[in-house]
Amino acid sequence: MTKDFIETFSVICPACKGQVELKEDGSGIKCLACRRVYPIKNDIPTMVVEEAVIEDEESRSAT
Ligand SMILES: [Zn+2]
């Protein structure tokens, strides 16, 4: 549903207007440009800059 939401509504990052994609685990929508991750609550993406968390891709490879 959320993936369709991104395509249907042409969702972009509200912070940088960059392209976003659904995270692999479906827990959020990630901006490919600034790496902000917008949380998904009850299947509804929260496209609010204040709610976004910046995810560091490199630090994740250590785990
Ligand atoms: Zn962005």
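In this predicted model, a good place to begin is a single pair of residues on neighbouring strands, for Arg 36 stands opposite Ile 54 in E5. The strand E5 covers residues 53-54, and two bridges join E3 to E5, the two strands running antiparallel.

From that pair one can step back to the chain as a whole, which holds two helices and five strands. Read from the N terminus on, these elements follow the order α-β-β-β-β-β-α. The chain has 63 residues, of which 14% count as buried. If one takes the contacts between residues at least 6 apart in sequence, 17% of them join residues at least 24 apart.

The strand E3, which spans residues 36-41, has further pairings to follow. E2 and E3 pair in the antiparallel sense over three bridges, and here Lys 30 stands opposite Val 37 in E3. E3 and E4 also pair in the antiparallel sense, over two bridges, with Lys 41 standing opposite Ile 44 in E4. As a general point for reading such strands, in a regular strand the side chains alternate between the two faces of the sheet.

The turns that link these strands deserve a careful look. In the hairpin of E2 and E3 there are four residues between the strands, and Arg 35 takes a positive phi near 65° there, a value found in this case in a residue other than glycine. Arg 35 counts as partly exposed because it has 16 C-beta neighbours inside 10 Å. The hairpin of E3 and E4 has two residues between the strands, and in this hairpin Asn 42 takes a positive phi near 55°. Asp 43 also lies in the loop between E3 and E4, and it counts as exposed because it has 9 C-beta neighbours inside 10 Å. Although Asp 43 and Gly 28 are 15 residues apart in sequence, their C-alpha atoms are 9.5 Å apart in space.

Earlier in the chain, Lys 17 belongs to the loop between helix H1, residues 2-8, and strand E1, residues 20-22. Its phi is near 65°, which is again a positive value in a residue other than glycine. With 10 C-beta neighbours inside 10 Å, Lys 17 is counted as exposed.

Strand E1 itself contains Leu 22, and this residue shows how the strand meets the helix before it. Leaving out residues up to four places away in sequence, Leu 22 touches Thr 2, Lys 3, Ile 6 and Ile 29. The C-alpha atoms of Leu 22 and Ile 6 are separated by 7.9 Å, while the two residues are 16 residues apart along the chain. Leu 22 has 19 C-beta neighbours inside 10 Å, and therefore counts as partly exposed, since a residue is called buried only with 20 or more.

Finally, we come to the interior. Which residues make up the largest nonpolar core? There are six of them, namely Cys 13, Val 20, Ile 29, Cys 31, Tyr 38 and Ala 52. Val 20 offers a way to see its surroundings, for, leaving aside neighbours within four places in sequence, Val 20 is in contact with Ile 6, Val 11, Ile 12, Cys 13, Ile 29, Lys 30, Cys 31 and Leu 32.

Methods:
Residues numbered from 1 in each chain as written. Predicted model: local features only at pLDDT ≥ 70, side-chain atom pairs only at ≥ 80, totals over all residues. Buried ≥ 20, exposed ≤ 12 C-beta atoms within 10 Å, placed from the backbone. Contact = placed C-beta atoms within 7 Å. Core = buried A, V, L, I, M, F, W, Y, C linked by C-beta atoms within 7 Å. Pairing = 2+ DSSP bridges.
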